[in-house]
Amino acid sequence: MVHGRLAVPLLLLGLAAMSRAEAPQAAAARIDALIAQMTLEEKLGQLTQQWGGLSQDINPGARQQALADLLGMARAGVIGSYLGATGAEHTNTLQRAAVEESRLKIPLLFGNDIIHGYRTVFPIPLAEAATWNPTLIEQACRVAAVEGRAAGTHWTFAPMIDVCRDPRWGRVAETAGEDHFLGAQFAAARVRGFQGDNLASPNAMLACGKHFVAYGAAEGGRDYNTVDVSPQTLHEVHLSTFRAAVDAGVGSIMSAFNEINGIPATAHPHMLQTMLRGQMGFNGLVVSDWGSINEMIAHGYAADSGQAALQAIRAGVDMDMCSGAYRSQLAERVTRGELDVKVVDAAVRRILEAKQRLGLFDNPYIDPALEKRVMLTAEHRALARDVARRSIVLLKNENGLLPLKKQPGKIALIGPLADAAKDMLGTWSLYGKPEEVVTLLAGLRNTLGPNAKLGVSKGSEVQAALAGGIDDAVKLARESDIVILAVGESEDMSGEGHSRANIDIPQPQQELIEAVCATGKPVVLVLFNGRPMALQWAADHVPAMLVAWQGGVEAGNAIADVIFGDFNPSGRLPATFPRVTGQVPIHYNHRNTGRPAREGDRYTSKYIDLPTTPLYPFGFGLSYTSFRYAEATVSPTEATADGKFSLSVVVTNTGTRAGEELVQAYYRDPVASMTRPVRQLCGFERVSLAPGESKRVVIEIPAQRLGFYDWDAKFLVEPGVIQFFLGPHSAEGLQVDAQIK
Ligand code: BGC
């Protein structure tokens, strides 16, 4: 580590010497001493986050000026945090100005969106959720923290823990899918992964649970749109992932852009105070989303920036991300007596506490040698490959077309995503480099070797036709023995501000798929996607189909591992795949209604032009082997609200290959004082089985997990029957019943 020369004034020597082993009281006293010396301007500076990156796209003169401005603010002590500053050299330069040249020597906090890896880009979070393996994803977040912190980032704006039931929403890519129980497991795992055991170590980043709250419930799946959600759904679904993150010790929370039932999340006292700090007991730092304080004017909730700033800080937002409203507006409000300076002090304290926990008062700098050493190591790449292949979901495999033999004859690799490096990185991969990505083409070559008979044709662009593309692709398909179609979405078709009104495969690619299928050659469709997509045509006509998402730097190797059977697919859908866009919003854990859907019965809850089921249900995914479930049990059959149930089922590998099955446990409370979902995930367990092997899988379910929120948002575990289902996905399972006394 490079140790900074902290030229501290005498009064602050204690602070500089403060070690993390020191008693919390001592740390608090030192922070008190610091706050006591701060001017109001310095305090509001601490509450301010501003863009601190230096664009490569501007001319050297402008770059110089931008840097001078950033340094000027740091020296003046009027900035608490920079967002987007990265790299040891740049962050150390800025940090030096703060800790060596500012009056109070308070270190800067560098924040960044490191969502699914820094240089070693892992699959998008939705794909990571398809592993149903929170422990594995905890490791992926560790790698992100090792690389991110070494590049100067103290604070990552992750995990994104919104729950999304509408795949039109572009940010579904950043979520763990549609289920809050699964989402909560990933929320906790990611927090642990980013933060590690000790935030002050050079391999940990402060995590940020976002976006608080219910951002994923945007009407119509349109980004930033209004959220109008019942208290039950708010508490049971949207708040539950935040509860899990807080319980896992998340150090910060970001408020959301949306309004919740008429009040913007940026200044929602009920959510931020009563729920987050009150009921959940969160005591870390709250940051606004980008510019969202001033957006309260457009929401129709504040007349001007001054009112917006006042509302946000009073509601509990400690740091203003990039609206500048706290710094420009709050001094006057304090002076006029409209805002108690104690509110400002409390926010400053939380920011200084975060800096203290990160060890920045002791070790503000980054070691450039460490930065070089830890990026994209072979070990990190190996983990990225493992996560990517475990995220792949096999949707269809007619007549065991997959896995392919390693000498399959001539392969035609067709489609705009066959060799699309950038598109493998997915949304929020700011520091990933396309040139470091293994594309599908490269992955096939790596597996098959230089003499592979492999033809490539793009066929179409992602969203536009390519002149002669289809003819070329069809010709190649005809000359080949097997076709691999690489189709779907480019990386910029999901993510923030990238909602789609239509979640089909884009038309030019659909035409390509149909033309290639018409050749009669066997086709393996590899879908690249940042969301669940409507795949009805492909499901009806293509014999084998894999969901490969956006798989990160090792995407191509991971897909090749699956295609050629070096890895038996074990991913499961973390979100329902609808038949057509008109079927969304869609989620497996819906209510039954008074007229549950029945085929052939028009006056039931369904569409006249669609089957009642989705195309692929939540939790679905095939393997190269098959599994049988038998002998489901529950014990005890009666338990009290503080007791637990032990579910078990015997799973047998009935195929000819070793494989991993994910046993999923769902429950239904058939009669309750509030209507309950038809199924709700309550546990899952992975089991590896050799061909012919059987194992009894046990899943423990505390009765508290079966409770719900009543009309007044009070949590209840009611007596009565509970039906459990043990099976391979949300639409199947062996039923066993029990009773809560
Ligand atoms: C996004 C956040 C992100 C922030 C900073 C916003 O537009 O909603 O998720 O952390 O920008 O980049």
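Reader: How far does a polar side-chain atom of Asp-289 lie from an oxygen atom of the ligand?
Author: The distance is 2.6 Å. Keep in mind that this is a predicted model.

Reader: Which other side chains have an N or O atom at a listed distance from a ligand oxygen, say Arg-171 or Glu-496?
Author: Both do. For Arg-171, a side-chain N or O atom is 2.7 Å from an oxygen atom of the ligand. For Glu-496, the distance is 2.8 Å.

Reader: How much of the ligand's accessible area does the protein cover?
Author: The protein covers 93% of it. On its own, the ligand has 310 Å² of accessible area.

Reader: Which residues surround the ligand?
Author: Among them are the aromatic names Phe-157, Phe-257, Trp-290 and Trp-428. Met-254 and Met-321 are there too. So are Asp-113, Lys-210 and His-211. Asp-289, Arg-171 and Glu-496 also belong to the group.

Reader: How does that shell divide into nonpolar, polar and charged?
Author: The shell has 6 nonpolar residues, 1 polar and 5 charged.

Reader: Back to Arg-171. Which side chain does it join in a polar contact of 2.6 Å?
Author: That of Glu-174. Glu-174 sits in the loop between β4 (155-156) and α8.

Reader: Is Glu-174 buried or exposed?
Author: Buried. Its relative accessibility is 0%.

Reader: What is Glu-174 in contact with, leaving aside neighbours within four places in sequence?
Author: Its contacts include Lys-210, Trp-428 and Glu-496, and these three also appear around the ligand. Pro-125, Met-160, Thr-427 and Gly-495 are contacts of Glu-174 as well.

Reader: New topic. Where does Glu-554 lie?
Author: In the loop between β16 (544-547) and α23 (555-563). Glu-554 is buried, with a relative accessible area of 5%. Its side chain makes a polar contact of 2.7 Å with that of Arg-381. Beyond its sequence neighbours within four places, Glu-554 touches Arg-381, Ala-384, Arg-385 and Val-438.

Reader: How many disulfides does the structure hold?
Author: It holds 0.

Reader: Why is there no bond at Cys-164?
Author: Because the closest cysteine sulfur, in Cys-208, is 19 Å from the sulfur of Cys-164, which is too far for a bond. Cys-322 is in no disulfide either. Its nearest cysteine sulfur, again that of Cys-208, is 13 Å away.

Reader: Are Cys-164 and Cys-322 buried or exposed?
Author: Cys-164 is buried, at 3% relative accessible area. Cys-322 is partly exposed, at 21%.

Reader: Now helices. How many residues of α10 are buried?
Author: In α10 (residues 240-247), 6 of the 8 residues are buried. Phe-242 and Val-246 are among them.

Reader: What do the buried residues of α10 pack against?
Author: They pack against helices α8 (180-195), α9 (231-238) and α11 (269-279). Strands β5 (208-212) and β6 (252-255) are packed against too. Just after α10, Gly-249 takes a positive phi of about 90°.

Reader: Which peptide bonds are cis?
Author: One joins Leu-402 and Pro-403, with omega about -5°. Pro-403 is in the loop between β11 (393-397) and β12 (411-414). Another runs from Val-584 to Pro-585, with omega near 0°.

Reader: What about phi at Asn-261 and Glu-631?
Author: Asn-261 is not a glycine, yet its phi is positive, about 50°. Asn-261 is partly exposed, at 39% relative accessibility. Glu-631 has a positive phi near 55°. Glu-631 lies in strand β17 and is exposed, at 54% relative accessibility.

Note on methods. Residues are numbered from 1 along each chain as its sequence is written. This is a predicted model: local features need pLDDT of at least 70, side-chain atom pairs count only at pLDDT 80 or more; totals for chains, interfaces and linings use all residues. Side-chain values use heavy atoms; hydrogens and water are left out. A disulfide is a pair of cysteine sulfur atoms within 2.5 Å. Buried means under 20% relative accessible area, exposed over 50%, partly exposed in between (1.4 Å probe, protein chains only). Helices (H or I, at least four residues) and strands (E, at least two) are DSSP runs, numbered from the N terminus. A polar contact is a pair of N or O atoms within 3.5 Å; within protein, one must be able to donate a hydrogen and the other to accept it, and residues adjacent in sequence count only if both atoms are side-chain atoms. Contact means heavy atoms within 4.5 Å. A residue is near a molecule or strand if one of its heavy atoms lies within 4 Å of it. Accessible areas come from the Shrake-Rupley method with a 1.4 Å probe; for residues, only the protein chains shown count as cover. Ala, Val, Leu, Ile, Met, Phe, Trp, Tyr, Cys and Pro count as nonpolar, Asp, Glu, Lys and Arg as charged, and the others, Gly among them, as polar.
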